[in-house]
Amino acid sequence: MLESLTRLMAQTRTCRRFDEATPLSLETLRRLIDLARLGGSAKNLQPLRYMLVSEPALAARVFPLLGWAGYLHDWPGPPEGERPPAYIVCLLDTRLSRDGQCDLGIASQNILLGATALGLGGCRIASFSSRLREVLLVPPHFDLLLVIALGLPRETVRLEPLGPDGDLRYWRDAEGVHHVPKRALDDLLIPPPKG
């Protein structure tokens, strides 16, 4: 079972290019929110709420308000035909809590693991225009925390060992394969004091 979970986690990579012509149903998005709901919550406050965007006209209005890849400076995001057909917008109900970052990390990872298990790809996007609130008619007691773009993936993502120069920036090669450097396990472990 651990091997299956490890494979799923290794396959759950950020995807930024999608098959735009393949829609995602609201039922699929609801299933992913159900996975988010099952995760832990600080003080069990469960302050996160979700807006599901799968209607093509609304998705087209959301797309230009998003920032896509900080390290790919010359890439404005996926071209037409490769844009996500759906989004999950993660919101914090400030009437319940002022801090949802712990919950957001758990919930968004559950969503992306579920998406991968369904053969989908996803991208967490925390860089977005303040106009997103107006486009989505978000009530004032909700803070916009994150947008998760979802769809059938149209790119290959490969994990790479971190090079000797320590450069963590992801890159794309000439064939469009997306490479993501990862630190080695031993580089993450700090030994405890003896005795």
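User: Hi! Of the contacts in the protein chain with a separation of 6 or more, what share comes from residues 24 or more positions apart?
Analyst: Hello! That share is 75%. Keep in mind that this is a predicted model.

User: Good to know. How many helices and strands are there in the protein chain?
Analyst: The protein chain has 6 helices and 7 strands. Along the sequence, the pattern reads α-α-β-α-β-α-β-α-β-β-β-β-α.

User: And how does the radius of gyration of the protein chain sit against a compact globule?
Analyst: It agrees: the protein chain has 18 Å, and a compact globule with 195 residues would have a value near 16 Å. Along the principal axes, the C-alpha atoms fill a box of roughly 55 × 50 × 35 Å.

User: What percentage of the residues is buried?
Analyst: Buried residues are 41% of the 195 in the protein chain. As for the surface, about 11,600 Å² is exposed, and carbon and sulfur atoms supply 55% of that area.

User: What about charges: how many positive and negative side chains are there?
Analyst: There are 23 positive and 22 negative side chains. The centres of those two sets lie 5 Å apart.

User: Let's go inside. Which residues touch the most other members of the largest nonpolar core?
Analyst: Those are Trp 68 and Tyr 87, in a core of 27 residues. Two or more residues of this core come from each of α3 (56–62), β2 (86–93), β3 (121–125), α5 (131–135) and β4 (142–151). The most come from β4, which gives 4 residues.

User: Which residues does Tyr 87 touch, if I skip those up to four places away in sequence?
Analyst: Quite a list! Among them are Leu 29, Met 51, Val 53, Ala 59, Phe 63, Trp 68, Val 147 and Ile 148. There is also a second, separate core of 20 residues, and that one includes Ala 86, Leu 92, Leu 104 and Leu 120.

User: You mentioned Ala 59. Is Ala 59 buried or exposed?
Analyst: Ala 59 is buried, because its relative accessible area is 6%, and the cut-off for buried is under 20%. Ala 59 lies in helix α3. Beyond its sequence neighbours up to four places away, Ala 59 touches Val 53, Pro 85 and Tyr 87.

User: How many Å is Ala 59 from Gly 163 in space?
Analyst: They are 38 Å apart, C-alpha to C-alpha, with their positions 104 residues apart in sequence.

User: Now a residue I'd care about at the bench. Where does Cys 15 lie?
Analyst: Cys 15 is in the loop between α1 (2–11) and α2. Despite the loop position, Cys 15 is buried, with a relative accessible area of 4%.

User: And what does Cys 15 touch, leaving out residues up to four places away in sequence?
Analyst: The partners of Cys 15 are Gly 121, Gly 122, Cys 123, Pro 153, Arg 154 and Glu 155. Val 53, for its part, is 38 residues from Cys 15 in sequence and 18 Å from it in space, C-alpha to C-alpha.

User: Changing topic to backbone angles. Which sign does phi have at Asn 44?
Analyst: Positive, at about 55 degrees, although Asn 44 is not a glycine. Most residues other than glycine have a negative phi. Asn 44 is in the loop between α2 (26–38) and β1 (48–53). At 53% relative accessibility, Asn 44 counts as exposed.

User: What about phi at Gln 46?
Analyst: Also not a glycine, Gln 46 has a positive phi of about 50 degrees. Gln 46 is found in the loop between α2 and β1, and is partly exposed, with a relative accessible area of 43%.

User: One more loop. What does Leu 72 contact, beyond its neighbours within four places in sequence?
Analyst: Leu 72 is in contact with Tyr 170, Trp 171, Arg 172 and His 178. Leu 72 belongs to the loop between α3 and β2, and is buried at a relative accessible area of 11%. From Leu 72 to Arg 172 there are 100 residues in sequence and 8.3 Å in space, C-alpha to C-alpha.

User: Last one: where is Gly 166?
Analyst: Gly 166 lies in the loop between β5 (157–161) and β6 (171–172). Gly 166 is partly exposed, with a relative accessible area of 36%. Pro 181 is 15 residues from Gly 166 in sequence and 9.0 Å from it in space, C-alpha to C-alpha.

Notes. Residues numbered from 1 in each chain as written. Predicted model: local features only at pLDDT ≥ 70, side-chain atom pairs only at ≥ 80, totals over all residues. Heavy atoms only, no water. Rg over C-alpha atoms; globule rule 2.2 N^0.38 Å. Buried < 20%, exposed > 50% of the residue type's maximum accessible area, 1.4 Å probe, protein only. Contact = heavy atoms within 4.5 Å. Areas by Shrake-Rupley, 256 points an atom, 1.4 Å probe, with all protein chains shown as cover. Lys, Arg positive; Asp, Glu negative; His and termini not counted. Charge placed at Lys NZ, Arg CZ, Asp CG, Glu CD. Core = buried A, V, L, I, M, F, W, Y, C linked by side-chain atoms within 4.5 Å.
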